[in-house]
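Trainee: Got a minute to go through a model with me? I'd like to hear how you read it.
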Amino acid sequence: MSLIVDLLLMLIDVTYSILCAVVRTFLHPRLKSIDGELCLITGAGGVLGRLFALEFAKEGAHLILWDCNTAANEQTAQLARKLGVEVRAYTVDLSKRQSIYETAGRVRAEVGDVSILVNNAGVVAGQRLLECPDELLERTLLVNCHALFWMTKAFLPQMKARNHGHIVTIASALGLFTTAFVEDYCASKFGAVGFHESLAHELRAENHYGIKTTLVCPYIIDTGMFAGCEIRKEIQSLIPPLEPLYTAQQSMKAILGEQEMVCIPRIMYIPFIARALLPWEANVVTYRFMGGDKSMLPFIKNAEMKTLNGHMKSSNDAF
Ligand SMILES: NC(=O)C1=CN([C@@H]2O[C@H](COP(=O)(O)OP(=O)(O)OC[C@H]3O[C@@H](n4cnc5c(N)ncnc54)[C@H](OP(=O)(O)O)[C@@H]3O)[C@@H](O)[C@H]2O)C=CC1
Ligand SMILES: CC1=C(/C=C/C(C)=C/C=C/C(C)=C/C=O)C(C)(C)CCC1
């Protein structure tokens with residue numbers, strides 16, 4: 001009897017959550033206030049990280065900015081301070097667990113408890129698997145995936161103690177479906193998605209309803225990280241690379257609306273669902289038709305040229 005009652009209650013909850021998701025798609029959801037909250041953003045010296053910093057500052061959040069690039073991070077800090085919030089910048093190497101724990105300790109001692117954590121920093125090797133140095137492949141996994149474990153272990157306990165907080169994972173569309181020649185990146189982003197979802201389930205299972213989670217899965221963004229990556233021309237004009245500001249703003253809407261997950265643009269839900277529903281070969285031929293299969297080759301060529309130019313420049317610098 002209790003099974004039937006539970007089943008009926010579950011079906012009501014399922015229907016209610018589907019209706020909420022539909023309503024949310026067409027109406028503007030209520031956005032929460034984060035005025036005075038302490039928000040930590042990783043990769044804050046990068047394109048998306050800087051935009052996130054400015055968006056959070058506009059909402060009145062105080063900022064802790066983390067990046068390995070001290071100059072770029074400091075530049076973000078200066079821009080954010082102009083918006084009237086308190087900002088602290090920290091230089092950290094997210095590929096090193098010890099660096100994360102030490103810097104987290106400094107943040108707790110010098111500033112206090114972080115209530116919004118935006119795991120944004122990310123890297124990609126940008127080389128063919130068999131030609132890529134092992135260390136470069138390993139770095140992608142360390143920064144994009146392992147760092148999420150250490151960041152969460154460092155900052156979740158204080159959120160749990162107050163039953164208040166928000167953990168945001170900037171993953172990727174390539175954490176939901178894959179393409180060729182970016183094995184390191186896809187593995188790391190699938191790992192990030194898996195980590196994020198398991199954590200979100202854990203918080204629900206433990207009734208920590210005050211701690212929210214948001215998973216952000218964008219398509220190519222025009223930040224330079226994947227410069228050169230392109231799909232079939234005719235399709236590219238229908239799904240162009242995303243504007244960085246648009247991506248940050250859409251992500252902010254999802255975060256402030258306490259949405260669990262967002263694909264940007266929404267059309268990215270289609271290859272995500274197709275991957276699960278269609279036979280493998282059906283996906284292969286669709287990718288081939290849309291030019292998704294070889295989309296990374298021009299990016300890799302581009303990255304190779306940049307490395308060569310960099311080498312030439314640095315060897316010229318020696319003279
Ligand atoms: N660009 C795109 O097409 C897409 C990006 N994403 C994701 O969005 C996020 C932001 O990307 P985007 O703004 O484009 O990238 P950027 O390269 O502009 O920014 C990433 C930032 O992270 C920093 N960083 C890299 N490694 C470390 C490290 N070991 N320790 C500390 N900081 C580090 C970088 O520093 P430095 O520059 O010195 O290396 C840089 O400042 C990433 O997670 C990315 O995977 C998702 C979908 C698409
Ligand atoms: C595979 C594939 C596509 C191409 C996807 C690409 C090229 C995604 C790149 C994403 C990036 C660079 C994310 C970074 O985090 C289509 C044409 C959309 C649909 C068919 C399947």
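Mentor: Sure, let's start at one strand end: Pro-218 stands opposite Ile-264 in E7. Keep in mind that this is a predicted model.

Trainee: OK, so how do E6 and E7 pair, and over how many bridges?
Mentor: In the parallel sense, over four bridges. E7 covers residues 261-264.

Trainee: And how many bridges join E5 to E6?
Mentor: Six, and E5 (residues 165-170) and E6 run parallel. To pick out one pair, His-166 has Lys-212 in E6 as its bridge partner.

Trainee: What do E5, H6 and E6 make together?
Mentor: A right-handed β-α-β unit, where H6 is the helix of residues 183-205.

Trainee: Is E6 enclosed or open?
Mentor: Largely enclosed by the rest of the structure, because eight of its eight residues, 211-218, are buried.

Trainee: Which residues point which way from E6?
Mentor: Ile-211, Thr-213, Leu-215 and Cys-217 point one way, while Lys-212, Thr-214, Val-216 and Pro-218 point the other way. All of them are buried, Lys-212 included. That fits the usual rule: side chains in a regular strand alternate between the two faces of the sheet.

Trainee: Zooming out, what's the strand order in the sheet?
Mentor: E3-E2-E1-E4-E5-E6-E7, an open sheet of seven strands with parallel pairing. E3 (87-91) and E7 are at the edges with a single partner strand each, so one side of each has no neighbour in the sheet. From one strand to the next, the twist averages 15 degrees.

Trainee: How many bridges join E1 to E2?
Mentor: Five, between E1 (residues 38-42) and E2 (residues 62-67), and those two run parallel. Cys-39, for example, has Leu-63 in E2 as its bridge partner.

Trainee: Which strands does H3 lie across?
Mentor: E2 and E3. H3 is residues 70-81, and H3 runs at about 175 degrees to E3.

Trainee: Switching to ligands. Which residues come nearest to ligand 1?
Mentor: Gly-43, Gly-46, Leu-48, Gly-122 and Thr-223, out of 27 residues around ligand 1. The helix that gives the most to that shell is H2 (residues 47-58), with three residues.

Trainee: How does the ligand 1 shell divide into nonpolar, polar and charged?
Mentor: There are 15 nonpolar, ten polar and two charged residues.

Trainee: And ligand 2, which residues come nearest there?
Mentor: Ser-172, Thr-179, Met-290, Gly-292 and Ser-295, from the 17 residues around ligand 2. By type, the ligand 2 shell has twelve nonpolar and five polar residues, and no charged ones.

Trainee: Which helix gives the most to the shell around ligand 2?
Mentor: H10, residues 280-290, with three residues.

Trainee: Is H10 enclosed or in the open?
Mentor: Largely in the open, because the number buried is one of its eleven residues. After H10 comes Gly-291, with a positive phi near 75 degrees.

Trainee: Where's Asp-293?
Mentor: In the loop between H10 and H11 (297-317). Asp-293 is partly exposed, since 19 other C-beta atoms lie within 10 Å, and the cut-off for buried is 20 or more.

Trainee: What does Asp-293 touch, leaving out residues up to four places away in sequence?
Mentor: Thr-179, Ala-180, Tyr-287 and Arg-288. Ala-180 is 113 residues apart from Asp-293 along the chain, yet their C-alpha atoms are separated by 5.8 Å.

Trainee: Backbone check now. Where do you see a cis peptide bond?
Mentor: From Ile-264 to Pro-265, with omega near -10 degrees. Pro-265 is in the loop between E7 and H9 (269-277).

Trainee: What's phi of Phe-181?
Mentor: Near 75 degrees, which is a positive value in a residue other than glycine. Phe-181 lies in the loop between E5 and H6, and it's partly exposed, with 19 other C-beta atoms within 10 Å.

Trainee: And phi of Asn-207?
Mentor: Near 60 degrees, again a positive value in a residue other than glycine. Asn-207 lies in the loop between H6 and E6.

Trainee: Why does Asn-207 count as exposed?
Mentor: Because it has 8 C-beta neighbours inside 10 Å, and 12 or fewer counts as exposed.

Methods:
Residues numbered from 1 in each chain as written. Chains lettered and ligands numbered in written order. Predicted model: local features only at pLDDT ≥ 70, side-chain atom pairs only at ≥ 80, totals over all residues. Pairing = 2+ DSSP bridges. Right-handed = clockwise from strand over helix to strand, strands pointing away. Near = placed C-beta within 6 Å. Nonpolar A, V, L, I, M, F, W, Y, C, P; charged D, E, K, R; others polar. Contact = placed C-beta atoms within 7 Å. Axes fitted to C-alpha atoms, helices over the stretch in contact; angles between N-to-C directions.
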